[in-house]
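Biologist: Got a minute to walk me through this one? I'd like to start with how the helices pack.

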Amino acid sequence: MNEAAIHTILSRLLLGGSLPGGTKLGEHRLAEIFGVSRERIRKVLHRLGHERLLEIVKNRGAFTIEPDLREGRIVYEARRILESGMVAHLADHLTEAQIARLREHVDAEADALRRGDQATWQKLSAEFHFLLAEMIGNPIVQRQAHELIGRTIMLVKRYETTLGSACGCEEHRLIFKALAGRERGRAVKAMSSHLSLVETRLRPIICDDAGPSLETLLEEAITTFRSEQGPAASPRHEALAAPAPR
């Protein structure tokens with residue numbers, strides 16, 4: 001498995017918010033799971049650290065980030081500034097094909113919510129914002145959006161109650177309607193309001209369940225990734241089944 005694939009799998013896992021903050025991602029164990037050298041794993045972990053998806057602690061290793069609500073306020077402010085500008089631009093430049101793609105996406109969000117599929121809805125909810133950034137066509141804007149959105153995905157996954165899902169879905173549709181109608185002012189207001197409302201719905205959690213192990217989550221992530229790539233090599237079940245070091 002190459003570094004790009006490993007980066008994709010670990011990014012998805014981290015952005016999914018399934019791992020508790022402070023979980024160590026050991027190079028040796030990851031190298032066994034992915035069937036690559038520790039040097040290759042180290043490169044990927046340092047890249048994830050540079051992208052602020054991991055915390056790299058000197059002489060200790062890589063650890064998952066504990067989402068911080070205080071830092072989240074700063075990140076959401078940055079998102080409002082960036083994404084309000086994004087929708088202002090898109091309202092003037094969206095193609096009919098892009099409008100159709102956005103319509104399909106918000107419909108998929110609503111369908112997942114109706115079916116009670118919270119995991120799929122959360123994934124689609126984040127992808128709505130990634131999709132807007134992609135449609136800008138500017139790699140610098142896209143890179144900044146991905147970093148900021150990624151940092152708030154972990155906050156939402158950890159701190160937003162399920163009651164916020166229906167609100168978020170409707171807020172995305174309002175943004176879409178404004179963009180489809182090419183109403184710049186309305187789109188900016190809808191985006192700024194949406195991000196502010198998401199921020200107000202974040203609530204501290206008193207305690208957490210332990211949840212699945214790192215190995216179990218990685219096995220699921222690798223299986224999903226390989227299924228998307230087609231009938232390539234099968235997952236390394238023998239490595240994943242080995243007992244994890246404590």
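Modeller: Sure. This is a predicted model, and in it the crossing of α4 and α6 is left-handed.

Biologist: Where do those two helices sit in the sequence, and at what angle do they cross?

Modeller: Helix α4 covers residues 69-93 and helix α6 covers residues 118-136. Their axes come within 10 Å and cross at roughly 55 degrees, so α4 and α6 are oblique to each other.

Biologist: Which residues in α4 and α6 meet?

Modeller: From α4 you have R79, E83, M86, V87, H89 and L90. Facing them in α6 are H129, L132, A133, M135 and I136. By class, that contact has 7 nonpolar, 2 polar and 2 charged residues.

Biologist: Staying in α4, is S84 buried or exposed?

Modeller: S84, which is found in helix α4, is buried because its relative accessible area is 12%, and the cut-off for buried is under 20%.

Biologist: And what is S84 in contact with, leaving aside its neighbours within four places in sequence?

Modeller: R79, V188, M191 and S192. R79 also turns up among the α4 residues that meet α6.

Biologist: OK, another helix pair. At what angle do α2 and α10 cross?

Modeller: Roughly 35 degrees, with the axes of helix α2 (residues 27-34) and α10 coming within 12 Å. The crossing is right-handed here, whereas α4 and α6 make a left-handed one.

Biologist: Which residues make that contact?

Modeller: R29, L30, I33 and F34 on the α2 side, and E215, L218 and I222 on the α10 side. Sorted by class, the contact of α2 with α10 has 5 nonpolar residues, no polar ones and 2 charged.

Biologist: Switching to electrostatics: how many salt bridges does the structure hold?

Modeller: It holds 20. One of them joins R201 and E171, with the closest N and O atoms 3.1 Å apart.

Biologist: Where do R201 and E171 lie?

Modeller: R201 is in the loop between α9 (184-200) and α10 (214-229), and E171 is in helix α8 (residues 164-180), so the pair ties together parts that are 30 residues apart in sequence.

Biologist: Is R201 buried or exposed, then?

Modeller: Buried, because its relative accessibility is 16%. E171 is buried as well, with a relative accessible area of 10%.

Biologist: What about K123 and E127, how do their side chains meet?

Modeller: In a salt bridge, 2.8 Å from N to O. K123 and E127 both lie in helix α6, 4 residues apart, which is about one turn of the helix. K123 counts as exposed because its relative accessibility is 52%, while E127 counts as partly exposed at 28%.

Biologist: Which residue does R115 form a salt bridge with?

Modeller: D111, with the closest N and O atoms 2.9 Å apart. R115 is exposed at a relative accessible area of 52%, and D111 counts as partly exposed at 31%.

Biologist: And which residues are linked with them in a network of salt bridges?

Modeller: R114 and D117, so to spell the network out: D111, R114, R115 and D117.

Biologist: New topic, H194. Where is it placed?

Modeller: H194 is in helix α9. It counts as buried because its relative accessibility is 4%.

Biologist: Which residues is H194 in contact with, leaving aside neighbours within four places?

Modeller: H129, G168, E171, H172 and I175. You've met two of those already: E171 is the salt-bridge partner of R201, and H129 is one of the α6 residues that meet α4.

Biologist: How far apart in space are H194 and I175?

Modeller: 8.5 Å, C-alpha to C-alpha, with their positions 19 residues apart in sequence.

Biologist: Let's zoom out. How many helices and strands does the protein have?

Modeller: 11 helices and 3 strands. From the N terminus on, the order is α-β-α-α-β-β-α-α-α-α-α-α-α-α.

Biologist: And what share of the residues is buried?

Modeller: Buried residues make up 43% of the 246 in the protein.

Biologist: Last one: among contacts between residues at least 6 apart in sequence, what share joins residues at least 24 apart?

Modeller: That share is 76%.

Conventions. Residues are numbered from 1 along each chain as its sequence is written. This is a predicted model: local features need pLDDT of at least 70, side-chain atom pairs count only at pLDDT 80 or more; totals for chains, interfaces and linings use all residues. Side-chain values use heavy atoms; hydrogens and water are left out. Axes are lines fitted to C-alpha atoms, for helices over the stretch in contact, and angles run from 0 to 180 degrees between N-to-C directions. Angles under 35 degrees count as roughly parallel, over 145 as roughly antiparallel, 65 to 115 as roughly perpendicular and the rest as oblique. A crossing is left-handed if the near helix is turned anticlockwise from the far one by less than a right angle, and right-handed if clockwise. Contact means heavy atoms within 4.5 Å. Ala, Val, Leu, Ile, Met, Phe, Trp, Tyr, Cys and Pro count as nonpolar, Asp, Glu, Lys and Arg as charged, and the others, Gly among them, as polar. A salt bridge is a side-chain nitrogen of Lys or Arg within 4 Å of a carboxyl oxygen of Asp or Glu. Buried means under 20% relative accessible area, exposed over 50%, partly exposed in between (1.4 Å probe, protein chains only).
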